[in-house]
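Work through the exercises below with the model open. Each task is followed by a stepwise solution.

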Amino acid sequence: MNMADYLKTLDSGGIADFAKSVGTKPVYLRQISYGFRRPSMRLALHMEQATNGELTACELRPDLPWPETLAG
């Protein structure tokens, strides 16, 4: 699932809770979903953990050398 689709599943309170749980602000999450910003490696990992894998760090930052991609 991409970030925009994930945020569509949440109401504004849910987005605020999600942002707080990963250590950022709702506006930053929206900027990521629109493609204006990219999450740091750390934030991408926090988002993957907070969503139980619905969002993956590899999908959020495909430009980074994640271990799964290095093994291939």
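**Exercise 1: Packing of H2 and H3**

H2 and H3 are roughly perpendicular to each other. The model is a predicted one.

Task: Find the crossing angle of the axes of H2 and H3, and identify the residues that meet.

Solution.
- Step 1. The axes of H2 and H3 cross at roughly 95 degrees. They come within 8 Å.
- Step 2. Angles of 65 to 115 degrees count as roughly perpendicular, so H2 and H3 fit that class.
- Step 3. On the H2 side, the contact is made by Ile15, Ala16, Phe18 and Ala19. On the H3 side, Pro26, Leu29 and Arg30 take part.
- Step 4. Sort these residues by character: six are nonpolar, none is polar and one is charged.

**Exercise 2: The nonpolar core**

Task: Which residues have the most contacts inside the largest nonpolar core, and which helices supply at least two residues each?

Solution.
- Step 1. The largest nonpolar core has 17 residues. Those with the most contacts inside the core are Met3, Leu7, Phe18, Leu29, Met47, Leu55 and Leu60.
- Step 2. At least two core residues each come from helix H1 (3–8), helix H2 (12–22), H3, helix H4 (41–50) and helix H5 (57–60).
- Step 3. H2 gives the largest share, four residues.
- Step 4. Take Phe18 and skip its neighbours within four places in sequence. Phe18 then contacts Met3, Tyr6, Leu7, Leu10, Leu29, Met47, Ala50, Thr51 and Leu55.
- Step 5. Set this against a general tendency: in soluble globular proteins, nonpolar side chains tend to be buried together.

**Exercise 3: Ser33**

Task: Decide whether Ser33 is buried or exposed, then find the backbone oxygen that lies 2.8 Å from a polar atom of its side chain.

Solution.
- Step 1. Ser33 sits in helix H3, residues 26–34.
- Step 2. The relative accessibility of Ser33 is 18%. Buried means under 20%, so Ser33 counts as buried.
- Step 3. The oxygen belongs to the backbone of Arg30.
- Step 4. Leaving out residues up to four places away in sequence, Ser33 touches Met3, Ala4 and Leu7.

**Exercise 4: Two residues in one loop**

Task: Thr51 and Asn52 both lie in the loop between H4 and H5. Classify each as buried or exposed.

Solution.
- Step 1. Thr51 has 2% relative accessibility, so Thr51 is buried.
- Step 2. Asn52 has a relative accessible area of 73%, so Asn52 is exposed.
- Step 3. Look at the side chain of Thr51. It reaches the backbone oxygen of Glu48 at 3.3 Å. Beyond residues up to four places away in sequence, Thr51 touches Tyr6 and Phe18.
- Step 4. Check the backbone of Asn52. Its phi is positive, about 55 degrees, although Asn52 is not a glycine. Most residues other than glycine have a negative phi.

**Exercise 5: Met1 and Gly23**

Task: Place Met1 and Gly23, and give the accessibility class of each.

Solution.
- Step 1. Met1 belongs to the segment before H1. At 41% relative accessibility, Met1 is partly exposed.
- Step 2. Not counting residues up to four places away in sequence, Met1 touches Tyr6, Glu54, Leu55 and Glu59.
- Step 3. Met1 and Ser12 are eleven residues apart in sequence, and their C-alpha atoms are 19 Å apart.
- Step 4. Gly23 is in the loop between H2 and H3. At 66% relative accessibility, Gly23 is exposed.
- Step 5. Gly23 and Met3 are 20 residues apart along the chain, with 16 Å between their C-alpha atoms.

How values were computed
Residues are numbered from 1 along each chain as its sequence is written. This is a predicted model: local features need pLDDT of at least 70, side-chain atom pairs count only at pLDDT 80 or more; totals for chains, interfaces and linings use all residues. Side-chain values use heavy atoms; hydrogens and water are left out. Buried means under 20% relative accessible area, exposed over 50%, partly exposed in between (1.4 Å probe, protein chains only). A polar contact is a pair of N or O atoms within 3.5 Å; within protein, one must be able to donate a hydrogen and the other to accept it, and residues adjacent in sequence count only if both atoms are side-chain atoms. Contact means heavy atoms within 4.5 Å. A nonpolar core is a set of buried Ala, Val, Leu, Ile, Met, Phe, Trp, Tyr and Cys residues joined through side-chain atoms within 4.5 Å. Axes are lines fitted to C-alpha atoms, for helices over the stretch in contact, and angles run from 0 to 180 degrees between N-to-C directions. Angles under 35 degrees count as roughly parallel, over 145 as roughly antiparallel, 65 to 115 as roughly perpendicular and the rest as oblique. Ala, Val, Leu, Ile, Met, Phe, Trp, Tyr, Cys and Pro count as nonpolar, Asp, Glu, Lys and Arg as charged, and the others, Gly among them, as polar.
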